[in-house]
Structure formats: structure tokens, C-alpha cells
Amino acid sequence: MSASVRREQIGRRELLRRRLLSRQRLIQLIVLLVVLAVWEAVGRHQGDFFLAPPSSVISTAVDEVPTAAFWSLLGSTATGILLGFVIAAVLGVLLGVLMGTSRTAATILNPIVSAGYVIPEAAMVPLLIVWFGLGMTPRVVAVVLFAIFEIIVTTYTGVRNADGSLSDVVRSFGASRRQLFVKVTVPGALPFIFAGLRIGAARAVKGMVVAELLFAATGIGGAIQLSANGFRTDQVMFYVIIVTIIGISFSGVVQLVERLWMRSWHESYRQTD
Amino acid sequence: MSPTLERRQTGSLDLSAHDLSMCFERTVGRERVLTQALQDVSFRVRAQEFVSVIGPSGCGKSTIVRIAAGLQRPTGGALRIGPNEVTGPGRETATVFQSPGLLPWRTVLDNVALPLEVAGIGKRDRAARAAEYVELVGLSGFSGHYPRELSGGMQQRVGLARALAVRPQVLLMDEPFGNLDAISRQRMQDELLRIWEHMKTTVVFITHAIDEAILLSDRVLVMGRGVVRAEVDIELPRPRSRRMLLSDERTLELMSRLEDLLGDADGTPA
């Protein structure tokens, strides 16, 4: 054999150092600092009303974060996002797999999914309020609507993509349909499914905030609306940053699950570690 | 299930085609296009015989493998493995495809174990058996590697080990070395010769390379336009080696004869 492959373990410490102190991280940090500096300068020049500078956003944060009201807002919004996302993930993956494996299901569902994919979900929120009132339910439904179509479409694509020449090979060994599904289709589709879930997670956060904005009185979206009505740009900025943090940490968690899961059974994920 | 698979001998069955026909139909615009890939093809491959099928591309030779593997039903006639007609994928045959078709998320060992897993053989048994065949194709040190870490030739070795691990009665090979570079190709031919001498299973080997067919086979079927045009016995002593064949006059004779037949097969309208 001409080639030989050597595997060496990299120490935990070294790994951490590489991740935290890379050249890319340094560049990202510099860009962030520059943006903050410009923001601060413009904000001070224009005044809080037009663009609150980071310093006043920080002082707002210092005031807001310790309050019970803030945490209850955060809790309500985060619960809704999580609930809606889980429902969208389970339903979306199931429907995507169904469409990918059954031609009849694909024929029936394709037009519905295509329509759902392009509908501006925000336009549905007033209807949801009419149907479900002002409680948690309409907000969760909004999150589901925002997230589910992306998940269905990517899962469907993944399942169809996985059934290529590999399934012929495995079929030639006398594999049953169930074996084919478990051993070829699912592992082949997983990278797609996880990509869909990641996008879905980000869209779930957006869906929640849009719904709350239109509700005007609930959650972080509601707080943004109230702050904007009171011309408190510093508070608006603060809540937008909070939403961003929720979004990033949320897709971060999905990505982490993806990594942990795929590491054990999908080779392409070993490289990126 | 496992004891029967464990003990049985390989290559004790023959393969026979009886008036095998295959007609593909597709619609292009308002036209119905019928392609006759095979037309009343009959031949027999004896138990433990190595038969190559050569022919220009599109002559239907790959279709024979797909039918024998049970991936496609013929539109006419029958293909039998031993006494039984092939009606779907079965455990009597194993196929090595032109592209290795390895599952990228499985290690070499797990890829070789896949057909055993499908057959319901227990975890420990299949790991032991897979390891045995990984060793047979000379990849012992690479059991834990993933396909992308291997060269094309090594990947095709894994494909071969996977097929052999089934201990098939009939081994089907569809241009298995067609995608390899010349050096890997020669090595794989040598390797296949060595393994076949050792296992003596029934082999149907599809190729378009005349030298490859002569080196490996007991008999060569020349196909053209969906029919078997000629059969040529390769009466060269075994065990064979590339060097031996190069110094044997009969090799040249066979080559020019097959060359002529192949030319005829290509030129004659069906």
C-alpha cells in the first residue's frame, strides 16, 4: 500500500488555544471593536434619540437585567420559541421524510409546502390572534409556521438525495425497504436535516419576535414595541441585542447537538473538529 | 441464518441465461423510445468458472449484471442461479460495481460488514468475518479508516471484500476496475487472480478491456448490440501471471482474435 495515514490526538488545551486565539478570531475581534467605536462616536454626536451609543445601551442593560420583569419577558419569549421549534422540528422532519419516501405524499404535500414556503408568515399573525386569542398558543403557532417549511424542504431534499446509487448497492445485498431506510437514507439525509434545523432555529426566533411585535403587549417583541413608542432607542437596541443573543445561542445549541451526534457516525464532521 | 451462511461453500452454483431480453422504454416528447439492451441472450457460466463479458459500451453487458443481481427484471426470458430463477436481490450473488459504492459514514470494516448485517448475522460474527475479508484484500491496517481516506484502488478493494464476505455462489463484477488508473488496475487484477485461485467462486466479469479478460477468464463472451456474438475459450494454464502471459504466444493470438470479434460486434447492424 502506497499511502499510510497517521492519527495523532491533539491535547484538549492545545485545541482550546487554537480555537480561541486563531488569526480569524483576532480579525473578528478587531472588526467588532471598530464597529462599536464608530457606533459610539456617531451615537454621541447624534444623541440618544436618533442612535443610542453602546455606552448608554450598556447602562440600560445594567438597569434592566437585574429586574424580575426582564427575566419574565425573556422566559416567556424563550419558552415560546423552544416549544414552537420542537413542534416544527418533529412535524417538519416527519413530513419531509414522508414526502421523500412516498410519491403520493409528495404529490399531495408539494403544493401546500411550496405555498407555505413563500407566504409571508407575518401576514398570518392577525388571523392567529383571531383564532387563538392572545395567549401563548398563537405565538407558538407563529413560530411553527415560520420554522417548519424550511425544515420540511431540506429534509425532503436530503431524503431524496440520499437515495442514489448507494441504495442500489445496498439493495443488491438483499436489504429490505426498512433496512435501506435505516442504513442508507437516514444517515445520508442527516446533514441536510440538521442544516434545515439550524435555519429553522433562526427562523423560530424571528417568528416569535414578529408575532410579539404585532401583539404589542407580550414578551421581548412587545417590550421593543413599547420602547419604540416611548422613543427609547437605547431600550430598543438593548432588546434587539437580547433577541440576537437568544438567536445565536439557540442555533448554537442545535449546532452542538449536530456535532455531537454526527461525530459518531458521519465522517465529514470529523474534519471540522 | 448464520450457520448456513458460515458453512456453505462458494461457487457451487452455475449461472444461466435463457433467451434473456431486456427492453427499456422511455418517452421523449411525443415519441416512445424503445431500447433493446438484450435480445434473446442465452449462455451458461459453469460453477467455479470465470467468464468475462466484453463488448463496446451500450451493448447490454451491464444489464446482464443488473438482472443477475436482481436489481432489474428482464422483459423476456429468464436468468437462473443454479436451478432458481432470479426474481429479486438474493444472497446467492454479490456484486462489485464500477463505482465502489461505499457508505461514507462507515469505516472500512463496517462497510464490509454491511451485507452481513443485512443478512442478520450477529455483531461479533460479522465483525470477525469482515476482518477476515479485509485482510484477504490486503487492507488489514485500514479497518478503521473512512472511505475518503483511501485511494480509488483501495476503495475498490473494500468493495471486493464486501462482496466476498457474503461468500456468494456467483460473484458479479461490473467493470470493477474501469475507474482506476493503469497501475491500480493491474494490481487489482493480480489481486483478483490470487483471491479467485484461493476461493474458486463462479464469476461473471464485465469489462471492455481485452487484456483484462484474457488474463482473468476461462472463457470470454463477446457481445454487441444486445446479443452474444461469439464465445472464446481462454486455454492458458493456471495459476496465471501477467509476466507468464506476456511470454506466451497464444496471448497475442487471443488478443487479435478478440480484437477482430469486437470490431465485428461493433460494426454489424443487428
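## Lys200(B) and Arg225(B): two unusual backbones

Lys200(B) sits in the loop that runs between α6 (182–199) and β8 (202–207) of chain B. This is a predicted model, so take what follows as a reading of computed coordinates. In that loop, Lys200(B) has a positive phi of about 50°, although it is not a glycine. As for solvent, Lys200(B) counts as partly exposed, at 28% relative accessibility.

Arg225(B) is also worth a look. Its phi is positive too, at about 45°, and again the residue is not a glycine. You'll find Arg225(B) in the loop between β9 (219–224) and β10 of chain B. With a relative accessibility of 44%, Arg225(B) counts as partly exposed.

## A cis proline

On to the peptide bonds. The one going from Arg238(B) to Pro239(B) is cis, and its omega is near -5°. Pro239(B) itself belongs to the loop between β10 (227–233) and α8 (242–246) of chain B.

## Two buried spots in chain B

Which strand holds Ser16(B)? That would be β1 of chain B, covering residues 15–28. Ser16(B) is buried, its relative accessible area being 7%. The side chain of Ser16(B) makes a polar contact of 2.9 Å with the side chain of His18(B). Leaving aside residues up to four places away in sequence, Ser16(B) touches Phe43(B), Arg44(B), Ala78(B), Leu79(B) and Arg80(B).

Ala119(B) is found in a loop instead, the one between α3 (108–118) and α4 (123–136) of chain B. Ala119(B) counts as buried, with 7% relative accessibility. If you want to see what it sits across from, try Arg91(B): the two residues are 28 apart along the chain, and their C-alpha atoms are separated by 8.1 Å.

## Cysteines without partners

If you were wondering about disulfides, a search of the whole structure finds zero over all chains. Take Cys23(B): it is in no disulfide, and the nearest cysteine sulfur, on Cys59(B), is 16 Å away. A disulfide would need the two sulfur atoms within 2.5 Å, so a pair at that distance does not count as one. Cys23(B) is partly exposed, at a relative accessible area of 24%.

Cys59(B) is in no disulfide either, and its nearest cysteine sulfur is that of Cys23(B), 16 Å away. How accessible is Cys59(B), buried or exposed? Cys59(B) is buried, with a relative accessible area of 1%.

## Chain A on its own

Chain A has 12 helices and zero strands. Follow the sequence from start to end and the pattern reads α-α-α-α-α-α-α-α-α-α-α-α. The C-alpha trace of chain A spans about 70 × 55 × 30 Å along its principal axes.

Of the 273 residues in chain A, 39% are buried. There is also a figure for how contacts spread along the sequence: among contacts in chain A between residues at least 6 apart, 70% join residues at least 24 apart.

## Where the two chains meet

Now for the interface. How many residues of chain A are in contact with chain B? The answer is 23, and they meet 32 residues of chain B. Between them, chain A and chain B bury about 2,600 Å², with 61% of it on carbon and sulfur atoms.

There are two salt bridges between chain A and chain B. One of them joins Glu117(B) to Lys183(A), whose closest N and O atoms are 2.7 Å apart. Polar contacts between chain A and chain B come to four residue pairs, both residues at pLDDT 80 or more. On the chain A side, the elements that give two or more residues to the surface touching chain B are α8 (165–172), α9 (177–215) and α12 (268–272). Which of the elements gives the most? α8(A) does, with six residues. By type, the chain A residues on the side that touches chain B divide into 11 nonpolar, six polar and six charged.

Definitions and conventions: Residues are numbered from 1 along each chain as its sequence is written. Chains are lettered from A and ligands numbered from 1 in the order in which they are written. Side-chain values use heavy atoms; hydrogens and water are left out. Contact means heavy atoms within 4.5 Å. Buried area is the accessible area (1.4 Å probe) that two parts lose on being put together, summed over both. A salt bridge is a side-chain nitrogen of Lys or Arg within 4 Å of a carboxyl oxygen of Asp or Glu. A polar contact is a pair of N or O atoms within 3.5 Å; within protein, one must be able to donate a hydrogen and the other to accept it, and residues adjacent in sequence count only if both atoms are side-chain atoms. Helices (H or I, at least four residues) and strands (E, at least two) are DSSP runs, numbered from the N terminus. Ala, Val, Leu, Ile, Met, Phe, Trp, Tyr, Cys and Pro count as nonpolar, Asp, Glu, Lys and Arg as charged, and the others, Gly among them, as polar. Buried means under 20% relative accessible area, exposed over 50%, partly exposed in between (1.4 Å probe, protein chains only).
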